[in-house]
Amino acid sequence: MDFIPYLFACLTPMKIALMVGGAIGGILLGAAPGLSPTMAVALLVPFTFHMDPAEGLILLGAVYTAAVAGGSITAILINIPGAPANIATMFDGHTMAKKGKAEKALYLSCMSSGLGGIFGVIVLILFTPPIARMAMEFGPAELFWLAIFGVTVIAGLSSGTVVKGLYAGAFGLLLSCIGENPVYGVERFVFSDKLTGGIAIIPALIGLFAIPQIFTLVETIGQSLQRESFKAQKGVLREAIGELLRHPREWIMGSVVGSFIGAIPGAGGQVAGLIAYDQSKKMSKTPERYGTGISEGVISVESSNNATVGPAMIPLLTMGIPGSPTAAVLLGGLLIHGLFPGPDLFTKHADVAYTFIASMIVAQIAMVIFGIMISRYSHIVMNIPNIFMVAAVTVLCVYGSYSVQNSMDDVIIMFCLGLFMYLSSRNSFSPAPIVLGLILGPLAEDNFSRGKIIAQTGDGLASYFLSGGVNMIVIGLCALSIGWSIYSEYKLARNKATRLREEEQHAAATLSEA
């Protein structure tokens with residue numbers, strides 16, 4: 001294969017140093033709440049201007065790869081996702097940490113991310129032409145239905161009832177409408193100048209997840225100045241590897257979902273992670289265990305969100321259409337070196353393009369190695385007294401929210417959403433459906449508005465949105481997802497009723513014998 005020489009071309013001392021440095025830096029930047037992979041790559045783009053094009057792209061690719069995985073560190077340790085792609089990691093990852101299995105959860109996260117990332121890059125190498133053609137089939141109508149498919153996942157993400165999950169998701173969709181409509185330029189729900197620009201996803205993410213956690217930690221300070229003690233244990237890595245080998249379905253399914261979602265412009269790792277978690281839960285024989293701290297939940301999410309990295313490059317490199325916000329920043333990295341996406345990139349600049357792609361495989365391996373090394377010291381974070389943890393997390397929250405747009409308005413919005421979520425969590429409302437609604441709202445609304453404009457020049461709204469092979473497939477998936485959620489809820493309720501009846505019969509039999 002012509003690709004193999006470029007793989008060995010990555011193994012020069014300079015390129016290895018860039019990949020290692022990018023992997024370590026990406027993990028640390030990704031772990032900081034508010035510093036998303038997009039921001040991490042954007043910060044480094046100016047530094048690559050005077051570098052060799054291949055080396056500059058290798059550094060950016062390594063940071064992108066590692067930052068997606070690094071976001072799982074805070075998601076697992078302190079229940080605050082480093083990036084939107086790590087939202088679903090908290091469901092089981094943080095629960096594992098509270099059970100004293102933080103190190104195992106981090107190992108599973110690193111290795112699953114590596115497997116998913118390598119799978120995604122292989123998809124990028126082998127299937128670029130057909131996937132690029134498939135991605136081109138997704139117009140406004142198809143992207144609208146994809147967003148609706150993501151919305152169907154909302155019901156299963158609540159820690160309370162399905163109805164509460166839907167209410168929370170609807171509130172997230174409502175929040176996404178605040179600000180200016182990008183298609184028509186009309187302002188909605190702008191009751192204050194602070195809301196003129198709408199609600200940015202990073203301040204909302206920090207507020208909804210981090211601030212309630214801070215309040216929860218503050219509540220425990222008076223009771224106990226220190227958390228439960230966690231210590232590093234021997235054999236945890238071997239145990240985590242065994243978990244991966246026992247659950248191939250989860251990381252294979254997560255990798256496939258991530259690769260498919262990653263190739264679609266505008267979807268991103270956050271959608272992939274939530275869909276992968278939902279599908280893994282639906283495919284499980286024991287879905288009630290999800291959310292209680294099981295390995296399968298971490299494996300499916302982390303393999304999925306990292307699998308989006310490679311396929312997100314497909315529409316970028318072949319057509320100049322970024323598959324994710326971070327890929328859009330990478331487009332800037334290409335352009336400043338005079339490299340323009342398209343067929344010429346793989347002919348006139350094949351050495352740069354293929355070396356960059358090959359480096360992403362090596363960067364995934366470096367990310368796994370150094371991620372495991374960093375994970376060994378997770379017990380240090382878990383043993384920090386709560387009073388210091390509150391101070392550190394608060395500073396990170398304010399910094400992360402302010403740095404998005406250099407605006408104190410984002411910090412105020414962050415605190416307001418956090419206070420609201422803290423009060424709502426006492427009534428079993430979960431932040432995950434709100435964030436999912438906030439993420440998917442613009443995707444659904446913008447594409448529906450564009451589709452409506454296109455439909456008015458053609459055969460009408462119904463014909464445009466309800467015809468076409470891709471539309472029908474995604475609509476069918478929406479119906480299947482809703483039906484399966486209803487069936488799963490009914491099945492769980494029936495099993496619970498059966499267990500209660502059996503317990504009552506057993507208790508009655510015990511009394512009669514006595």
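## Exercises on a predicted helical model

F465 is buried, as its relative accessible area is 4%. Buried means under 20% relative accessible area, exposed over 50%, and partly exposed in between (1.4 Å probe, protein chains only). This is a predicted model, where local features need pLDDT of at least 70 and side-chain atom pairs count only at pLDDT 80 or more, while totals for chains, interfaces and linings use all residues. Residues are numbered from 1 along each chain as its sequence is written, and side-chain values use heavy atoms, with hydrogens and water left out.

### Exercise 1. The chain as a whole

Task: state how many helices and strands the protein chain has, and what percentage of its residues count as buried.

Solution.
- Step 1. Take the DSSP runs: helices are H or I of at least four residues, strands are E of at least two, numbered from the N terminus.
- Step 2. The protein chain has 23 helices and two strands.
- Step 3. Of its 514 residues, 54% count as buried.
- Step 4. The accessible surface is about 22200 Å², and 67% of that belongs to carbon and sulfur atoms. The areas come from the Shrake-Rupley method with a 1.4 Å probe; for residues, only the protein chains shown count as cover.
- Step 5. Turn to contacts, meaning heavy atoms within 4.5 Å. Among those between residues at least 6 apart in sequence, 78% join residues at least 24 apart.

### Exercise 2. Contacts of V393

Task: find which residues V393 is in contact with, leaving aside its neighbours within four places in sequence.

Solution.
- Step 1. Locate V393: helix α19, residues 386-405.
- Step 2. Check its cover. V393 has 5% relative accessibility, so it counts as buried.
- Step 3. With those neighbours left aside, V393 is in contact with I78, I80 and I214.
- Step 4. Take I78 and V393. They are 315 residues apart along the chain, yet their C-alpha atoms are separated by 9.0 Å.

### Exercise 3. The ring cluster

Task: name the rings that pair with F144 and classify each pair.

Solution.
- Step 1. Fix the descriptors. A pair of aromatic rings is described by the distance of the centres and the angle of the planes.
- Step 2. Fix the cut-offs. Rings of Phe, Tyr and Trp (its six-membered ring) pair if their centres lie within 6.5 Å; planes under 30 degrees apart count as stacked, over 60 as edge-to-face and the rest as tilted.
- Step 3. Search the whole structure: 10 aromatic pairs turn up.
- Step 4. F144 and W145 have ring centres 5.2 Å apart and planes at 65°, so this pair is edge-to-face.
- Step 5. F144 and F465 have ring centres 5.5 Å apart and planes at 80°, so this pair is edge-to-face. The pair links distant parts of the chain: F144 lies in α8 (residues 140-151) and F465 in α22 (residues 461-465), 321 residues apart.
- Step 6. Add the accessibilities. F144 is buried at 14%, and W145 is buried at 17%.
- Step 7. Assemble the cluster: ring pairs link F144, W145, F448, Y464 and F465.

### Exercise 4. Two cavities

Task: give the volume and the lining classes of the largest and the second largest cavity.

Solution.
- Step 1. Define the object. On a 1 Å grid over the protein atoms alone, a cavity is a set of points where a 1.4 Å probe fits but cannot get out; lining residues have an atom within 4 Å of a point. Grid points are joined across faces, edges and corners, and a volume is the space filled by probe spheres set on the points.
- Step 2. Count: two cavities of 30 Å³ or more.
- Step 3. The largest cavity holds about 50 Å³. Its lining includes I27, S109 and M367. Helix α4 supplies the largest share, four residues.
- Step 4. Sort by class. Ala, Val, Leu, Ile, Met, Phe, Trp, Tyr, Cys and Pro count as nonpolar, Asp, Glu, Lys and Arg as charged, and the others, Gly among them, as polar. The largest cavity's lining has five nonpolar, five polar and no charged residues.
- Step 5. The second largest cavity has about 30 Å³. Helix α17 gives the most to its lining, three residues. That lining has eight nonpolar, no polar and no charged residues.

### Exercise 5. Positive phi

Task: say where N79 and F189 are placed.

Solution.
- Step 1. Recall the background: most residues other than glycine have a negative phi.
- Step 2. N79 has a positive phi near 65°. It sits in the loop between α4 and α5 (89-98).
- Step 3. F189 has a positive phi of about 55°. It sits in the loop between β2 (187-188) and α10 (201-221).
- Step 4. F189 has a relative accessible area of 40%, so it is partly exposed.

Note on methods: On a 1 Å grid over the protein atoms alone, a cavity is a set of points where a 1.4 Å probe fits but cannot get out, and a pocket is an open set with protein on both sides within 12 Å along at least five of seven lines; lining residues have an atom within 4 Å of a point.
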